[in-house]
Each structure stands twice: as C-alpha cells, then as structure tokens.
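Here is a short report on one protein chain and its ligand. Keep the sequence and the 3D view open while you read.

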Amino acid sequence: MAKILVSACLAGEKCKYSGGHNLVPPIAELVRRGKAVPVCPEALGGLTIPRPPAEIRGGDGYDVLAGRARVLDKEGQDVTAAFLRGAAATLAKAREIAAELVVLKEKSPSCGSKLIYDGTFSGTARPGTGVTAALLQQHGFKVISEGEFAFKDSKFGSEDIAP
Ligand code: SF4
C-alpha cells in the first residue's frame, strides 16, 4: 500500500516549538487509517517540546546542508546539528516506508518546502526550503505543503478517506 510521510504537527501531534499543533483533520485521518506516517524532524533531532523558535540565518535548507548557513534559535543558540540529525532521521523513515509523497508544514525551518521565515524572527516569510524538505528533495522524494495536498485529485483523495 502506498504510504505518505507527513509532518506530525499536521496530524495533530503537539510537537510545535510552542507545544501546540497544526492539525489538518484529513491528514490526521490518513494517519489514523495507517495510510500516512507522522514524523517531527525537530523532535527526532533531539530538540525539546516546547523549545525556542528557530530560523535559518544566511540562506535556506540547501545552504545549511552545504555548510553555508546555520539554524539559530531566538535565544541565539546554534541548533544546526539538531536540525541536521532530524533531517537524516526523517530521510531514513521516508526510505523505510518507501514514501510516494511527503506532505510537510509550510514555513517551518525544517519542513517548509516553498517558504521559510527569513531569519529575523519578525514573522516575515520568503521563498526557500527547510532543512528536512531540502534533504528529502535531494534524495528524490516528492515534497509538498499541506496547502498543496489536494485530496480530491490525489490517489489519497477524499473518496479514499471517506468513512
Ligand atoms: Fe511540525 Fe515539522 Fe515543526 Fe515538527 S519540525 S513541529 S513536524 S513543522
């Protein structure tokens, strides 16, 4: 059975930096039915819940992977190593389940696939890719955001998750 990998916070897990979640009910339903597997890269990387928010400084996730940019939390601590550990663990999970699709939370410094915050902690988003999303894309996985996950047109569509 085809499997998708999803950001755990989209499935309702309280793994956000704030201790909250970003529940998207149809994604939680896919997890409940065993069709999607939830992962939180930052928790897998060893960061606590809650934790200070973090943003990429000096580039995006591709730059972090190449050693050209760092991930700093709002208190100024360098958390790059934890982000890289989490990305590697998430890649291992995607390979384990042979994920056909990965749906990740937009704007996250780990999970964002098209947008991330700009490193100033001012709530300003800019085009870019998070560390985990970049690593997954580098290894050939198809990564989309929760907003792009069109249930009615996908093979994981609304008919697939209907009761
Ligand atoms: Fe959600 Fe990804 Fe942030 Fe974890 S790292 S809380 S899964 S956006």
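Thr90 is buried, with a relative accessible area of 0%. The model you are looking at is predicted. Thr90 belongs to helix H4, which covers residues 80–96. What does Thr90 touch, apart from its neighbours within four places in sequence? Its contacts are Leu5, Val39, Pro41, Leu44, Thr132 and Leu136. Two of these partners lead to another helix: Thr132 and Leu136 are among the buried residues of H5.

**Helix H5**

H5 runs from residue 131 to residue 138. This helix is mostly covered, with six of its eight residues buried. The buried ones are Val131, Thr132, Ala133, Ala134, Leu135 and Leu136. Gln138 also lies in H5. Is Gln138 buried or partly exposed? Gln138 counts as partly exposed because its relative accessible area is 47%, and the buried class ends at 20%. Gln138 touches Tyr62 and Leu65, leaving out residues up to four places away in sequence. Arg51 is 87 residues from Gln138 along the chain, and their C-alpha atoms are separated by 28 Å. Just after H5 comes Gly140, with a positive phi of about 90°.

**Helix H1**

Now turn to H1, residues 25–32. Its residues Ile27, Ala28 and Leu30 are buried. Why do these three lie on the same side of H1? They cover an arc of only 155° around the axis, so they share one side of the helix. The face turned away from that buried side carries Pro25 and Arg32, which are exposed. Gly34 follows H1 and has a positive phi, near 80°.

Leu10 touches this helix. It lies in the loop between strand E1 (4–7) and H1. Leu10 is buried, at a relative accessible area of 1%. Its contacts include Ile27 and Ala28, not counting residues up to four places away in sequence. Ile27 and Ala28 are also among the buried residues of H1. Leu10 further touches Asn22, Leu23 and Val24, as well as Val103, Leu104, Lys105 and Glu146. Asp60 is 50 residues from Leu10 along the chain, with 22 Å between the two C-alpha atoms.

**The ligand**

Where does the ligand sit? It occupies the largest pocket. The ligand is surrounded by 14 residues. Cys9, Cys15, Cys40, Glu42 and Cys111 are the closest. Sorted by class, this shell has seven nonpolar, three polar and four charged residues.

**Loops and backbone angles**

Some places stand out for their backbone. Ile49 and Pro50 are joined by a cis peptide bond, with omega about -5°. Pro50 lies in the loop between helix H2 (41–44) and strand E3 (54–57).

Two residues have a positive phi although they are not glycines: Ala98 and Phe121. The table sets them out.

| Residue | Phi | Place | Relative accessibility |
|---|---|---|---|
| Ala98 | about 50° | loop between H4 and strand E5 (101–104) | 53%, exposed |
| Phe121 | about 55° | loop between strand E6 (115–117) and strand E7 (125–127) | 21%, partly exposed |

Why does Ala98 count as exposed? Its relative accessibility is 53%, and exposed means over 50%. Phe121, at 21%, counts as partly exposed, because buried means under 20%.

**Arg57 and its partners**

Phe121 is also one of the residues touched by Arg57. Arg57 is found in strand E3. At 43% relative accessibility, Arg57 counts as partly exposed. Its other contacts are Ala69, Arg70, Leu72 and Gly119, again not counting residues up to four places away in sequence. How far is Arg57 from Lys114 in space, C-alpha to C-alpha? The distance is 16 Å, and the two residues are 57 residues apart in sequence.

**Back to the view**

Trace three items on the model to finish. Find Thr90 in H4, with Thr132 and Leu136 among its contacts. Then find Leu10, which touches Ile27 and Ala28. Last, find the ligand in the largest pocket, with Cys9 and Glu42 among its closest residues.

Terms used: Residues numbered from 1 in each chain as written. Predicted model: local features only at pLDDT ≥ 70, side-chain atom pairs only at ≥ 80, totals over all residues. Heavy atoms only, no water. Near = heavy atom within 4 Å. 1 Å grid on protein atoms, 1.4 Å probe; cavity = no way out; pocket = protein on both sides within 12 Å on 5 of 7 lines; lining within 4 Å. Sits in = over half its atoms within 2 Å of the grid points. Nonpolar A, V, L, I, M, F, W, Y, C, P; charged D, E, K, R; others polar. Helix = DSSP H or I, 4+ residues; strand = E, 2+ residues; numbered from the N terminus. Buried < 20%, exposed > 50% of the residue type's maximum accessible area, 1.4 Å probe, protein only. Contact = heavy atoms within 4.5 Å. Arc of directions from axis to C-beta.
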